[in-house]
Amino acid sequence: MKFFIDTANLEQIREAQDLGILDGVTTNPSLMAKEGISGYDNVMAHYRAICEIVDGDVSAEVIATDFEGMVKEGENLAVLHPQIVVKVPITKEGIKAIKYFSNKGIRTNCTLIFSSGQALLAAKAGATYVSPFIGRLDDISTDGIGLIADIRLIFDNYGYETQILAASVRHTMHIIQCAQVGADVMTGPLSAILGLLKHPLTDSGLAQFLADHAKVNE
Ligand code: E4P
């Protein structure tokens, strides 16, 4: 499973990249706003800065909601850097835009997916990734991981190459469950990725090894 980090914070992206296990980055307008990035030139410069830190795909979301606007924005984003993947919401106009981008060889991430029907439509339109938001489904007492499993079944039934990018991952168990049900990618916060490292027996075991080593190597 690929590991993407879900942030526009350059420091956190650098920290994850330094671990050597980072496969890409996802951003959204809220995450860009959280970093105080505004204005066309600053937004484009920020995406470029992210691409310079990581080796993998970087999702950059369109703001327009109409087909023409999405196409214009998406084409500008796509030429910004070869690692950019154009993120498009799952709407009627969005599906048309994904089909258009797919025909042009521009890679897309279809976002705000909350049902398997939405994922199926996005795959049919040729999306490179679909982003089901598992944390937001869990927030309203709906089974986010179950949705990933449903989409996996549907895509495998028909051999769709669209990758399932589990988004809105909130904690370590989400990451493990995504891997169990066969998500191609998960995108989550640095805290969830680093949380996978933690085990008290690792800490106590290492402390014991170092203490035993010290006893005979004074
Ligand atoms: C997806 O790409 C989104 O950026 C993100 O995962 C949303 O997560 P949230 O529900 O924690 O805001």
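**Asking why about a predicted model**

Colleague: What makes Ser168 count as buried or exposed?
Modeller: Ser168 has a relative accessibility of 9%. Buried means under 20%, so at 9% Ser168 counts as buried. Please keep in mind that this is a predicted model.

Colleague: And how do you know whether Ser141 counts as buried or exposed?
Modeller: Try the other cut-off here: exposed means over 50%. Ser141 has 74% relative accessibility, so Ser141 counts as exposed.

Colleague: Where are these two serines found?
Modeller: Ser141 lies in the loop between α7 (134-139) and α8 (144-158). Ser168 is in the loop that runs between β7 (163-166) and α9 (172-181).

Colleague: What is the phi of Ser141, and what is that of Ser168?
Modeller: Ser141 has a positive phi of about 60 degrees, although it is not a glycine. Ser168 also has a positive phi of about 60 degrees, and it is not a glycine either.

Colleague: Why is that worth pointing out?
Modeller: Because most residues other than glycine have a negative phi.

Colleague: Let's turn to the ligand. Which residues surround it?
Modeller: The ligand is surrounded by Asp6, Thr26, Asn28, Leu31, Lys87, Phe133, Arg136, Ala167, Ser168 and Arg170. You have already met Ser168, the buried serine in the loop before α9.

Colleague: How do the residues of that shell divide into nonpolar, polar and charged?
Modeller: Three are nonpolar, three are polar and four are charged. Lys and Arg count as charged, so Lys87, Arg136 and Arg170 are among the charged ones.

Colleague: What makes the approach of Lys87 to the ligand a polar contact?
Modeller: The cut-off for a pair of N or O atoms is 3.5 Å. A polar side-chain atom of Lys87 is 2.6 Å from an oxygen atom of the ligand, so this pair is within the cut-off and is a polar contact.

Colleague: How far from a ligand oxygen are the polar side-chain atoms of Arg136 and Arg170?
Modeller: For Arg136 the distance is 2.7 Å, and for Arg170 it is 3.0 Å. Both values are within 3.5 Å, so these are polar contacts as well.

Colleague: How much of the ligand does the protein bury?
Modeller: Taken alone, the ligand exposes 350 Å², and the protein buries 86% of that. The space taken by the ligand is the largest pocket.

Colleague: And the whole chain: how many residues, helices and strands are there?
Modeller: The protein chain has 218 residues, of which 46% count as buried. There are 11 helices and eight strands.

Terms used:
Residues numbered from 1 in each chain as written. Predicted model: local features only at pLDDT ≥ 70, side-chain atom pairs only at ≥ 80, totals over all residues. Heavy atoms only, no water. Near = heavy atom within 4 Å. Polar contact = N/O pair within 3.5 Å; in protein donor to acceptor, adjacent residues only side chain to side chain. Areas by Shrake-Rupley, 256 points an atom, 1.4 Å probe, with all protein chains shown as cover. 1 Å grid on protein atoms, 1.4 Å probe; cavity = no way out; pocket = protein on both sides within 12 Å on 5 of 7 lines; lining within 4 Å. Sits in = over half its atoms within 2 Å of the grid points. Helix = DSSP H or I, 4+ residues; strand = E, 2+ residues; numbered from the N terminus. Buried < 20%, exposed > 50% of the residue type's maximum accessible area, 1.4 Å probe, protein only.
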